[in-house]
Amino acid sequence: MSFVSLRFFAFLGIGLGLYYTILKRFQWIWLLFLSYVFYSFGGITAMGYLLLTTLTTYISGMYLQKANDKIQSQKKDVNKVKKWKQQKKQFVFLTLLCNFGILFFLKYWQTVVNVLHYRTGILLPSLELVLPLGLSFYMFQSIGYVIDVYRGKYPAEKNILKYALFVSFFPQMVQGPISRFGDLKKELYQKHAFDFTSIEAGLRLMLWGYFKKLLIADRASVVVNTIFDGYTGYAGSVILFGVILYYIQLYCDFSGGIDITRGVARLFGVHLIENFKRPIFSTSLQDYWRRWHMSLGAWMKDYVFYPLSLSKPFLKLGSFVRKHIKGKAGQVLPVSMATFVVYFLIGIWHGANFKYIVFGLWNGILITLSILLTPFFIKIKKKLNIEDKNPIYHGFMVLRTFLIVLIGRYMTRAKNVTAMWQMLKLTVTSFSLKALTSKTLMTLGIEKKDYLVILCGTLLLLLVEFLEEKEIDVSAKSKKLPVIVQVVGMFLFIGAIVVLGVYKDDYIASEFIYKQF
Amino acid sequence: MDQLQKLLMEIRPDIDLDSNRLVDDGYLDSFDIVTLVSEIIQEFGVDINVEDIVPENFNSVEAIYDLIERLK
Amino acid sequence: MKHEKKEISSQLWCMLFIISSLLVVGCILLLNVVVDPMGVFGDQFLNWFSYDFTNNPRVAKITYLDKHFDEYDSYIIGCSSTSSYPTEELNKYFGANFYNMIMYGADMLDVENECRYILAQDDVKNIIVNIYFSNASFYDRESDPITLNMHAKVEGSSLLKFYRKYLLLNPQYAVAKLKALQKDTYLTQPFDVFNVKTGAYDKKVRDAEPIGNMEEYLEVYPVFASYPKASYTMPKIDETVASIKRIKEMCDAKNVNVVFVVAPVYKESIQYFAKPDIDAFFTEIAKVTPFWDFSSSSISEDARYFYDETHFRNAVGKMAIAKMFHDDSVYYPEDFGYYVTLENIAEHLQNYYFDASQIKEYTVKLPVLMYHHLAEEVQTADTISPRRFREHMETIEQAGYTPITLQDLYDYVEIGKELPPKSVLITFDDGYESNYKLAFPVLKEFNFPAVIFAIGSSIGHQEFYKDTHYRMTPHFSYEEAKEMEETGLVSIQSHTYDMHQWAPFESGETIRETVLALSGESEEEIIQALRKDARIYREEASKNLEKEMTALSFPHGDFDTLSHVILKEEGIKATFTSIEGSNTLIKGLPQSLLGLKRYHMREEVTAERLKEYLEK
């Protein structure tokens, strides 16, 4: 069920209506029911995978809890504790293997088939697997839960239905965010009285999300696809234009979708974590990754980065290096290696392609360099008497980060490493600003009007995010305007979303069949 | 304590040692924490586990010190 | 003093949100109902059905007919070529009031549904079903749900869903209609191609285009020069014929006269289909009902009988109807149209393709000569001496040419009456007294007919330009004109009443030297001027000459599409220009009477030059 359909709005209306009235006493059960109804539109097989993950991680959680309890109660018996700890490890390993197995199988089977066929000629059946909706999101979420229970961060959830709601809560099924059980449990299971503040906040988020997604992202995607698919035919300036549009598209599509998700959840009184924090204003690559897809970043940090960099082999490597090389390098090497693994995983998560190794290296190397050079930069800043808050310096940092991220975007969107390399090369060697004429723009799949919508939309977006970055509460400000202005503004905003967004592909500029008159 | 402060200054020369929101305000990012933890393991001979890496344990010099003491 | 304004409450905000949302939805609904770009809601406010028909003929025609069923009792239904059977001709022959239910791209299921809906009305007399080859290729096709779908009433599908779809229609459709309204003109535009009253395409522009020799036609319509290659099969014969059968049964049950007609097809389009397919299709139809087959004939051979690669001209539709009623007063080729029955189908299919070697002449070349003033002293380029004029007449006679009358010209095109082997048409422009005094005696002497295009406002002005004191060459009077007319040799025709003004002698604000719009003049104004000019002349001619004028030569030879369209509507059948060249007349194609070219007969034109002209 698409977030942009009459059916979804009907679903939402009925869901909310009952949630706050006759089903007030059964709110979380109603949410679970709604979630499964929502998910059932994704097909019966998808439902099977969802149930499988829910069950395995639930059982795993229960078992780990039992082990934790045993360890707690038999603290004194070192052997027993050791045995239980051993079993816990084995059990977590098994659960992870099972679930990651499903994830990898569904996501990369086709790639394996292709590569194997290409390299060795062996032809495996393609199976025509369809990726279940939200697979990686609920997978990450429930695996996080299992690891947290293993670490004893919180007790396991005993009620399987409650746990099932945590895994399947419908707003996040489309594209996350990846929530933690610790944050989400009280949001999901507690009672929510009807509250206009929540409704307002939810609607605001949804409107803003639809605005970003329907008006900006869906328009830009046409141009982006045209340029990336036929990059050989364009001058560097056009390619750069395409990459910038891709940057805008990706952000608007993803963060817009998350806004809708959070808005929908908010209507039910559920707060979901933020996933984006105005990444355009990042001052460094690390800063960018802390503001972009935050829930995945945090997940990676907690469940990959820390365990990996603090694992015995990594620590040993660190002390080994430190013995032989003086200075920072010894400290940095384990960190940078772990960093590389994280970005590689993030890349691979997007799809099985060699280009993600390049993407991982690019981010890993830059971040390592920046750590190594930090003392040097601090010295220079002191010498030049530049303060971090100096607006010009700040602007420079933002622009520099933007460019670095932009180069990374070549990697994530280009078809493969060759295409990425060619595109980068074309951007530098045959930039030719002259080629970026309005005539070229008109051949990229959208009309002048659409460019105008993208431009105005992006400017509005930038303005609002800039004000938010300055910690100005835009919505509070807007609520102080005269009521009539607010109504007109809202009317125009909603009208723009409906007319320029919802109906975008629904109009065939009368291809009047009869032209011979 | 002094030793710990010295360690911290080495990692982040620009750090405010009196702050009690080191992680929350972004003075210490995940890289710093990993570096710091591996240094602590080295210097103090304690065993810090992944479970212990939560913001509350790293928000101030005192908190870090308490963590080390607890694990000794 | 500055007050810190208070934020509104969340409750109020939510109210405002609901109000704004409702306003947005309300605006869309209102726009769709008021502007009604598909004519779903009766187009109450703009009442511009020709636009709605163009957007979605299926739906809008039903909405229109629901309010106008009482005006019609007969219907012709089918895909786009259906439009080319002119309803006025159908009305004449059938003695009925036809509505043309053409729907572009209609398949036989569409036709059947439409038929069922119409038959539910009282007093339906005739149904004509137009069948095209493609009907055997497609049946019950997936089509665009907004512009090519049937009305829910006709299809029997959910009315609720139907109206919801059009209530929530993308507002851009309504905006496009409003924009088109700004650009609407009297002439047919791509966005309003229908004539609402007849239901057919409005062909006023296409039917006012001069058609002559093939080379020129191919230049304007290059598609015929390199006809697209394709080949189609006929997988839907069974479904289509089953529909035809149900239509026949429905009509029979209601005692409604039903006629099935297979439309004329351009020869290269016939080749898209394999003969065995055509045989099978026709045989199956014949098993169900007899039908008229116009698909392959000598008409199919000539691109000029077609608007485009798939649509035959209204003139051809007129021939087909005449053929169905065996009306000999209208031209149609002998081989055109065949009434197919189960008895004769085998024979018909055996001789199905037209044998191009058997083609009979149906075009003729006609040179037209243009004279103006005759005078002993030749002072202007348009003047010719009586001596030279006589020499011309002698040359015509010696070269074996026969000057023809205007009526001969019409008869050739309209009823196919042959012209003498070497025909020529003599014309004079302006209506000078010298035509009467110097040319007329010579014409009488040779017994040569001629056409004089006189400027209405100058007739009888001997000395002065209209009511001024400017001297001008004398023009003949109505008495003199009548005298010439009565001999049967001379036909007085129009050079416009007063749209050939001489600027230096005029004092008014609008000076019309030609039939074209003045700069900055609106379409409406020029149309009014053209109609008024035609009306005055019509009244004058009927009073003074007791005749109607049917031919016109354009002042200064200037013309455009609009003037042609309006003049045709005002009863002009043949128009003459000042472009030099010969003409090709085509039987059955009234457009070959338009924009006729003429040779300037100046003093310098010697006997040899004239002979060259005649033979060109």
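**Entry 1: two helices in chain C**

I started with helix H16 (residues 386-398) and helix H22 (residues 607-615), both in chain C, whose axes come within 10 Å of each other and cross at roughly 45°. This is a predicted model, so I read everything here as a prediction. Parallel, perpendicular or oblique? An angle counts as roughly parallel under 35 degrees and as roughly perpendicular from 65 to 115, and therefore H16(C) and H22(C) are oblique to each other. I also looked up the handedness: H16(C) passes H22(C) in a right-handed crossing.

Next I asked myself which residues make the contact. From H16(C) I noted C:Glu391, C:His392 and C:Thr395, and from H22(C) I noted C:Ala607, C:Leu610 and C:Lys611. Sorted by class, this contact of H16(C) with H22(C) has two nonpolar, two polar and two charged residues.

**Entry 2: the domains of chain C**

I then looked at how chain C is divided, and found domain 1 at 37-358 and domain 2 at 363-615. Taken over C-alpha atoms, the centres of domain 1 and domain 2 of chain C are separated by 40 Å. How many residues does each domain put into the contact? I got 20 residues from domain 1 of chain C and 21 residues from domain 2 of chain C. On the side of domain 1 of chain C that touches domain 2 of chain C, I noted 12 nonpolar, four polar and four charged residues.

**Entry 3: where chain C meets chain A**

For the contact between these chains I wrote down 31 residues from chain C and 27 residues from chain A. On the chain C side, helix H1 (10-35), helix H2 (49-55) and helix H8 (171-183) each supply at least two residues. Which helix gives the most? H1(C) does, with 11 residues. By class, the side of chain C that touches chain A has 17 nonpolar, nine polar and five charged residues.

**Entry 4: confidence along chain A**

Last, I checked pLDDT for chain A, which averages 88, with 96% of the residues scoring at least 70. Among the elements of chain A, helix H6 (residues 160-168) has the highest mean pLDDT, 96, and helix H13 (residues 328-350) has the lowest, 78. I also marked residues 510-517 of chain A, over which pLDDT stays under 50. For that stretch of chain A the model has 17 contacts beyond four places in sequence. A reminder to myself: where pLDDT is low, the predicted coordinates should not be read in detail.

Key. Residues are numbered from 1 along each chain as its sequence is written. Chains are lettered from A and ligands numbered from 1 in the order in which they are written. This is a predicted model: local features need pLDDT of at least 70, side-chain atom pairs count only at pLDDT 80 or more; totals for chains, interfaces and linings use all residues. Axes are lines fitted to C-alpha atoms, for helices over the stretch in contact, and angles run from 0 to 180 degrees between N-to-C directions. Helices (H or I, at least four residues) and strands (E, at least two) are DSSP runs, numbered from the N terminus. Angles under 35 degrees count as roughly parallel, over 145 as roughly antiparallel, 65 to 115 as roughly perpendicular and the rest as oblique. A crossing is left-handed if the near helix is turned anticlockwise from the far one by less than a right angle, and right-handed if clockwise. Two residues are in contact if their C-beta atoms, placed from the backbone, lie within 7 Å. Ala, Val, Leu, Ile, Met, Phe, Trp, Tyr, Cys and Pro count as nonpolar, Asp, Glu, Lys and Arg as charged, and the others, Gly among them, as polar. pLDDT is the predictor's confidence in each residue, from 0 to 100. Domain bounds come from an automatic or database domain assignment.
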